[in-house]
Amino acid sequence: MGQTLCVCSRGTVSLGGARYLLLHRLAEGGFSYVDLVEGLRDGRFYALKRILCHDKEDRQAALHEVEMHGLFDHPNILRLVAHCMVEKGAKHEAWLLLPYVKGGTLWREVEALREKGTFMPEQRILLILHGICRGLQAIHSKGYAHRDLKPTNVLLDEDDQPVLMDLGSMNQARIEVNSSREAMAVQDWAAQRCTISYRAPELFTVPSQCIIDERTDIWSLGCVLYCMMFGEGPFDAIFQKGDSVALAVQSPIAFPPTTRYSAALQRLLSSMMTLNPQERPSIDDILHHLEGLQPAPAGQDTTQI
Ligand SMILES: Nc1ncnc2c1ncn2[C@@H]1O[C@H](COP(=O)(O)OP(=O)(O)OP(=O)(O)O)[C@@H](O)[C@H]1O
């Protein structure tokens with residue numbers, strides 16, 4: 001995989017012919033950890049994501065993530081600077097060097113507002129939503145779907161532009177299912193790769209004859225929009241209580257009444273979170289509506305969805 005790496009001296013690594021100083025840990029999960037590093041040559045900051053690979057399947061999944069990054073060169077999709085596979089005894093680590101995005105995740109901003117007891121203004125929601133949609137449009141127009149869109153997978157850069165990250169679950173948008181065995185395989189894959197509280201209803205109970213498409217992302221986009229509006233995802237509390245997210249996601253949703261946001265934004269939200277994927281808007285439809293959706297005072301209706 002990719003370019004040469006060596007652990008040069010304590011605290012520095014070399015990747016793709018350049019050396020980087022390890023600064024501190026940004027995040028740690030079950031299967032990966034992310035460190036902030038500084039390029040010794042260019043003085044820039046990067047995020048070094050190391051994915052633990054226990055077997056060949058894990059290595060293929062990491063390679064897949066690298067490959068997905070290679071498909072895009074878009075301001076709203078995180079760029080991959082360099083990558084390599086490192087042997088660690090019998091195991092491997094896939095190292096992905098990414099530009100460091102300073103503003104942190106969208107989730108962090110939502111959490112900070114919630115702690116202050118305030119909500120995100122409509123104008124800011126529209127700005128962020130626009131950028132997310134432009135990133136998704138780039139993905140969908142190439143025939144792919146992100147499949148794990150959520151506020152912790154959206155970074156905000158210095159110019160407040162959202163950047164979509166974590167392309168590990170991305171795959172071909174159109175999945176044709178022709179048997180109950182295939183349906184079960186898609187369902188099992190989704191259970192592993194698509195975060196439960198942002199997962200589209202059609203991925204919970206996959207019919208044995210159906211086509212799954214990129215509109216799974218539109219559902220997740222609705223959950224992200226809901227999170228910006230109400231301070232948490234629509235199914236976060238259900239998940240935290242240990243109740244059935246699958247049941248809640250597949251039932252009609254009652255949106256909290258609010259006068260904080262325009263009727264047009266609320267209609268846009270409910271259109272994204274339509275249970276039947278065939279009735280959900282495409283990313284082009286959403287962008288089209290967003291272009292005409294000027295930030296408006298609460299309660300003021302500006303457009304028809
Ligand atoms: N380029 C970056 N700039 C700034 N922070 C980053 C960057 N990449 C990752 N992070 C931080 O590291 C966290 C984990 O990154 P990422 O989602 O890629 O890892 P993951 O193991 O796939 O996580 P998960 O599966 O839990 O979503 C992010 O939520 C973010 O806080």
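Student: Which strand does Phe-45 lie in?

Tutor: Phe-45 lies in strand β5. Keep in mind that we are looking at a predicted model.

Student: Why is Phe-45 called partly exposed?

Tutor: Its relative accessibility is 40%. Partly exposed covers the range between the 20% limit for buried and the 50% limit for exposed, so Phe-45 at 40% counts as partly exposed. Phe-45 also helps make a nonpolar surface patch of about 320 Å², together with Leu-21, Leu-23 and Leu-40.

Student: What makes β5 and β7 a pair of strands?

Tutor: A pair needs at least two bridges. Strand β5 (residues 45-53) and β7 share eight, in the antiparallel sense, so they pass that rule. One bridge partner couple is Leu-52 and Glu-93, the latter in β7.

Student: How many bridges join β6 and β7?

Tutor: Strand β6 (residues 82-88) and β7 pair over seven bridges, again antiparallel. Met-85 stands opposite Ala-94 there. In the hairpin of these strands, two residues lie between them, and Gly-89 takes a positive phi near 65°. As for β7 itself (residues 91-99), eight of its nine residues are buried.

Student: Why is the Tyr-20 and Tyr-46 pair called edge-to-face?

Tutor: A search of the whole structure finds four aromatic pairs. In the one formed by Tyr-20 and Tyr-46, the centres are 5.4 Å apart and the planes make 85°. Centres must lie within 6.5 Å and edge-to-face needs planes over 60 degrees apart, so both conditions are met. The two residues are 26 apart in the chain, with Tyr-20 in strand β3 (residues 18-28) and Tyr-46 in strand β5. Both are buried.

Student: And what makes the pair of Tyr-226 and Phe-255 tilted?

Tutor: Their planes stand at 45° and their centres are 6.4 Å apart. That angle is neither under 30 degrees nor over 60, so the pair is tilted. Tyr-226 sits in helix α5 (residues 215-230), and Phe-255 in the loop between α7 (245-249) and α8 (263-272). Ring pairs link Tyr-226, Phe-230 and Phe-255 into a cluster.

Student: Are those two residues buried or partly exposed?

Tutor: Tyr-226 has a relative accessible area of 11%, so it is buried, being under 20%. Phe-255 has 28%, so it is partly exposed.

Student: Why is Cys-133 in no disulfide?

Tutor: A disulfide needs sulfur atoms within 2.5 Å. The closest cysteine sulfur to that of Cys-133 is in Cys-223, 14 Å away, so it is too far for a bond. Cys-223 is in no disulfide either, with the nearest cysteine sulfur, that of Cys-227, 9.1 Å away. The count comes to zero disulfides.

Conventions
Residues numbered from 1 in each chain as written. Predicted model: local features only at pLDDT ≥ 70, side-chain atom pairs only at ≥ 80, totals over all residues. Heavy atoms only, no water. Buried < 20%, exposed > 50% of the residue type's maximum accessible area, 1.4 Å probe, protein only. Helix = DSSP H or I, 4+ residues; strand = E, 2+ residues; numbered from the N terminus. Patch = residues over 30% accessible without salt bridge, like charges linked within 9 Å, V, L, I, M, F, W, Y side chains within 5 Å. Areas by Shrake-Rupley, 256 points an atom, 1.4 Å probe, with all protein chains shown as cover. Salt bridge = Lys/Arg side-chain N within 4 Å of Asp/Glu carboxyl O. Phe/Tyr/Trp six-rings, centres within 6.5 Å; stacked < 30°, edge-to-face > 60°.
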